Amino acid sequence: MPSNGAVSDDAGYGATSKSMEEEGVFLITSTSPAAMTKANDAMDDGTNSWGLGPRTTKGLYFISAVMGVSMVATVAGAFMPFGASSSALDTTDSAPMPLQSGVESIDQGSAIGCDLESNDATLYKYTIASTFARADAEWAHAMLGCTYENLSYTCEPANHVGKTTCSNMDLHFIYNGNTDSGDKDIEYWDQYQRELWDTSATADTYSQFMDFSLVFYTPDITDFALQILRGGDTYIARKLKVNVDDDDAGWQYTMLVKSPGGKTFEIVSFFIDESKMSKAGYSVFKEFKSWEDDYSDECYSSHDSTEVYSPSELTKWYDELNVGTYKDGMMPIRTNVAVKDIDSVLSWWSHNMPAVVAQDTALDDVKYQESAGCKHKSYSLRYYGNEMNHEIRFIENPKASTGQHTVKGFIDYVNSVNEQYGGINSGWSAWYDRHSGINVAGCSLDTYMFRLNDTNTPFHPHGRNGTNAEGESTNHVWTPGADAWGLEIEGTFKYEFADCYSTFDWCTSNGDPTDWTAWTCKDDLRWHSGSGSGSGLGSGSGAGAGAGADAGA
């Protein structure tokens, strides 16, 4: 048990301490049915069952030995690793929103002094949940020139893992069948979006769900266009009048295509060889119609790819980055995210990811296109490992066509699943695998966890508190983010939000391992399997049989 003077309860229902009693916090280290019944009763009726007085508004916690790892359950019923020393249970009334755990605030220690606005944030990954993970990755390799790594994990077969690298960032397709995705699971939505994509493209109509996409640049779109046209796959082709170099007007050619799993990819270029297209029997004029003139009711302004770089600047970056393995492949330049409420999304990012927002000094405010009734806004941040910038563009496009389900309905559904299975420092859903990967340096991941906690946003950290062979951080915090588009934040732990964090376990529904050796704790603390009825976290010797932890490595 934590070294806070806890004493055993003679009734066998657990242990508590005077300081914890005053905060309405009760610890249970027994797994007996009687103890669990008492704990559940206490949570149900808002009181405790140990004769210690009514539960305070600061919440009720209990620890139980579950699967060899001590857990803490909150008033909301969500389980999380118990990482609370006595300082972590300090409470104030300063949090702007109620915490899911029922505690009004947590002592933020040195994390509160770290300036997130000036923190370094760089993009390294785009991940999308897909039941066609392997097929999607092989498609990205063949069509986009990405490198494909054939991987599998314990409890995660190779056909569920589609990890690729495309020029300057990773592109991952993942299906984790061990996690929950609700009654309408990942497979249901994959099939829906595949069918909607084909129906929309056949009718030459842009759909709401196409705003979930990754955008790639190529200096010459001719060969890609011919490959798509000859292959018989469905597609959307448009051209957009944009400012090119020296403020001269020119055409941006865009082709939208889908992967086997129905994921949208947008390929843009400022050059197409009309002669080569004509010799192949295709007319650029007929295939690429003007967005403004022929499709003014579509949100064409959200497809302008010249907000950050001019065409010549994009080509310069392409020549620098697309070398060796990636020569002649595509270069990612933008992540498009469909949202239902752009204002609330931007507010969330401003509070939780201010380092990204702070980089946005050169881009416009929210743009509104009246003809389509849409709004969009981009953030620009550097890629991890080079100086090129990538856009994350949020698009609210409610008037675009759709089928049985709208983007708003999809977001509401995913949010409901994440709320059901996610939590603060706990839980998981299969929808967490829809995210951008952002590396942070300067402030710890704990600082970000306190921010997420402020806004009652679910999150779950996992890591090994070190670096891999490439020198990259191996600690991560996953969160479903805002409007069902999440983040995987990569950085370092300072063990201020919690005392211990675990590695990621593909075999469990929430990613928490069942083996106590997979947990890393601060200072000289470590999880201890013990003997008898329980396991736990603590320091020093004499923690007692069946509970506690030992000091040392």
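Select Asp412 to begin: at 27% relative accessibility, Asp412 counts as partly exposed, a class that lies between buried (under 20% relative accessible area) and exposed (over 50%), computed with a 1.4 Å probe on protein chains only. What you have open is a predicted model, in which local features need pLDDT of at least 70 and side-chain atom pairs count only at pLDDT 80 or more, while totals for chains, interfaces and linings use all residues. Residues are numbered from 1 along each chain as its sequence is written, and side-chain values use heavy atoms, with hydrogens and water left out.

**Salt bridges around Asp412**

Keep Asp412 selected and add Lys340, whose side chain meets that of Asp412 in a salt bridge at 2.4 Å, N to O; the term stands for a side-chain nitrogen of Lys or Arg within 4 Å of a carboxyl oxygen of Asp or Glu. This pair links distant parts of the chain, with Lys340 in the loop between β15 (331–338) and α10 (342–352) and Asp412 in helix α12 (residues 407–421), 72 residues apart. Helices (H or I, at least four residues) and strands (E, at least two) are DSSP runs, numbered from the N terminus. Lys340, at 31% relative accessibility, counts as partly exposed.

Which residue of helix α12 should be added next to Asp412? Choose Lys408, which lies in α12 as Asp412 does, 4 residues apart or about one turn of the helix, and which forms a salt bridge with Asp412 whose closest N and O atoms are 2.9 Å apart. Lys408 is partly exposed, with a relative accessible area of 48%.

**Other salt bridges**

Now select Glu307, Lys367, Glu391 and Arg393, which are joined into one network by salt bridges that share partners. Then move to Lys258 and Asp198, a salt bridge with its closest N and O atoms 3.6 Å apart. Here too distant parts of the chain are linked, with Lys258 in strand β12 (residues 249–258) and Asp198 in helix α4 (residues 186–202), 60 residues apart. Asp198, at 28% relative accessibility, counts as partly exposed. A search of the whole structure finds 18 salt bridges.

**A buried serine**

Select Ser207, in the loop between α4 and β10 (213–217). Is Ser207 buried or exposed? At 1% relative accessibility, Ser207 counts as buried. Not counting residues up to four places away in sequence, Ser207 touches Leu196, Ser200, Ala400 and Ser401, where contact means heavy atoms within 4.5 Å.

**Helices α3 and α5**

Go next to helix α3 (residues 133–144), in which the buried residues are Ala133, Asp136, Ala137, Trp139, Ala140, Met143 and Leu144. Turn the view to look down the axis of α3: the buried residues fall within an arc of 160 degrees, so they line one face of the helix, the arc being that of the directions from the helix axis to the C-beta atoms. Just after α3, Gly145 takes a positive phi of about 80 degrees.

Helix α5 (residues 222–231) has Thr222, Phe224, Ala225, Leu226, Ile228 and Leu229 as its buried residues. These buried residues of α5 pack against α3, β12, β13 (264–269), α6 (274–279) and α7 (284–287). Just after α5, select Gly232, which takes a positive phi of about 80 degrees.

**The nine-stranded sheet**

Display the open sheet of 9 strands, which follow the order β14-β11-β12-β13-β10-β15-β18-β17-β16 with mixed pairing; two strands pair if DSSP finds at least two bridges between them. At the edges stand β14 (289–290) and β16 (367–369), each with a single partner strand, so one side of each is left without a neighbour in the sheet.

Select β15, which is mostly covered, with 8 of its 8 residues buried. Strands β10 and β15 run antiparallel and are joined by 5 bridges, and the bridge partner of Leu214 in β15 is Thr335. Strand β18 (residues 389–396) runs parallel to β15, and 5 bridges join them; here Ala338 stands opposite Ile395 in β18. Finish the sheet at β16, which pairs with strand β17 (residues 374–382) in the antiparallel sense over 3 bridges, and where Tyr368 stands opposite Lys375 in β17.

**The whole protein**

Zoom out to the full model, whose secondary structure comes to 13 helices and 26 strands. Buried residues make up 56% of the 553 residues in the protein.
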